[in-house]
Amino acid sequence: MALDFFKAPIFAQRKHFIQEIAGLDDVFDFLDEWPNSKRDSTYETVVSVVREAACRQRPVAAAEERFRQFLKSHDQFVSVEDVPMRFQWLSAGNLGGSS
C-alpha cells in the first residue's frame with residue numbers, strides 16, 4: 001500500500017546528516033528508529049496521529065503538522081531555507097580535501 005506524501009518534504013536533523021521526510025511511510029521509518037528511552041507521551045501522540053492518517057481516519061496534513069511539531073520539540077526540525085547552508089557547512093567542515 002502506497003502511503004500519502006506531504007505537500008512538501010520535511011527535513012529532520014540527524015546526528016550526521018539531514019533526513020528528508022516525504023510522507024507517512026518515511027515518518028513511520030523515522031519513528032521506528034526513535035530510541036526507546038525517548039519514547040514519551042509526545043512520541044505516543046505523534047505515532048497515534050500518523051497511524052490514524054494512514055488509516056484515513058485523519059487528514060494527512062494533520063499528521064504532517066503533528067510530526068513537524070514533534071521534530072521542533074526535540075530540536076530536530078530543519079527549515080527548508082536552512083538546508084542548502086547546512087549542506088555547505090557540513091561539506092566544507094567534514095569531507096576533507098584541500099581548501
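**Exercise 1.** Decide which exposure class glutamate 52 belongs to, and find what surrounds this residue.

*Solution.* Glutamate 52 has a relative accessibility of 23% and therefore counts as partly exposed, where buried means under 20% relative accessible area, exposed over 50%, and partly exposed in between (1.4 Å probe, protein chains only). The model is a predicted one, in which local features need pLDDT of at least 70 and side-chain atom pairs count only at pLDDT 80 or more, while totals for chains, interfaces and linings use all residues. Residues are numbered from 1 along each chain as its sequence is written, and side-chain values use heavy atoms, with hydrogens and water left out.

Next, place the residue: glutamate 52 lies in helix 2, residues 41–54, helices being DSSP runs of H or I with at least four residues, and strands runs of E with at least two, numbered from the N terminus. Then, setting aside neighbours within four places in sequence, glutamate 52 is in contact with Gln57 and Arg58, contact meaning heavy atoms within 4.5 Å.

**Exercise 2.** Identify the elements that supply the largest nonpolar core.

*Solution.* This core has 21 residues, of which Leu24, Phe30, Leu31, Phe67 and Phe70 touch the most other members; a nonpolar core is a set of buried Ala, Val, Leu, Ile, Met, Phe, Trp, Tyr and Cys residues joined through side-chain atoms within 4.5 Å. Strand 1 (5–13), helix 1 (24–32), helix 2 and helix 3 (60–73) each give at least two residues to this core, and helix 2 provides the largest share, seven residues. Finally, beyond neighbours within four places in sequence, the contacts of phenylalanine 70 include Phe30, Leu31 and Val46.
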